[in-house]
Amino acid sequence: MPCGWYYSDSSMATPYKTIYKCRDCGATSYQPVMDRAPSGALQATGQYRCTGCRNIFATIRDWWQPRRLTEFQPNSFPG
Ligand SMILES: [Zn+2]
């Protein structure tokens, strides 16, 4: 029986499904970013990669939280 239902690239971590959506592409899952340590072992870097747009984020909150629409500039107050 065929058994081709796995990723041949073992560095692909399993995506995490979330209730959140990527602020950029709307994907609902992300993967932990894996990097190869000097010893050759794959390690999670602590960052996250969107499975949709492949952008990398430092935190989950960064991934789903919309960018600030308005920049607050205290020095531009008129008068
Ligand atoms: Zn995305």
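Here are a few friendly notes on the structure above, which is a predicted model.

1. Let's start with the overall layout. The protein contains four strands and one helix. Reading from the N terminus, the order is β-β-β-β-α, so the strands come before the helix, as that DSSP-based naming of elements shows.

2. How much of the protein counts as buried? Of its 79 residues, 5% do. As for contacts with a separation of 6 or more, 31% of them join residues that are 24 or more positions apart.

3. Now have a look at arginine 23. You will find this residue in the loop that links strand S1 (16-17) and strand S2 (29-36). Is arginine 23 buried, exposed or partly exposed? It has 16 C-beta neighbours inside 10 Å, so it counts as partly exposed; a buried residue would need 20 or more, and an exposed one would have 12 or fewer.

4. Which residues does arginine 23 touch, once neighbours within four places in sequence are set aside? Its contacts are Trp64, Gln65, Pro66 and Arg67. Another pair to find on screen is arginine 23 and cysteine 50: they are 27 residues apart in sequence, and their C-alpha atoms are 9.9 Å apart in space.

5. Finally, move on to arginine 54, in the loop between strand S3 (42-50) and strand S4 (56-57). Its backbone deserves a look: phi is positive, at about 70°, although arginine 54 is not a glycine. This residue counts as exposed because it has 11 C-beta neighbours inside 10 Å, and the cut-off for exposed is 12 or fewer.

Note on methods:
Residues are numbered from 1 along each chain as its sequence is written. This is a predicted model: local features need pLDDT of at least 70, side-chain atom pairs count only at pLDDT 80 or more; totals for chains, interfaces and linings use all residues. Helices (H or I, at least four residues) and strands (E, at least two) are DSSP runs, numbered from the N terminus. Two residues are in contact if their C-beta atoms, placed from the backbone, lie within 7 Å.
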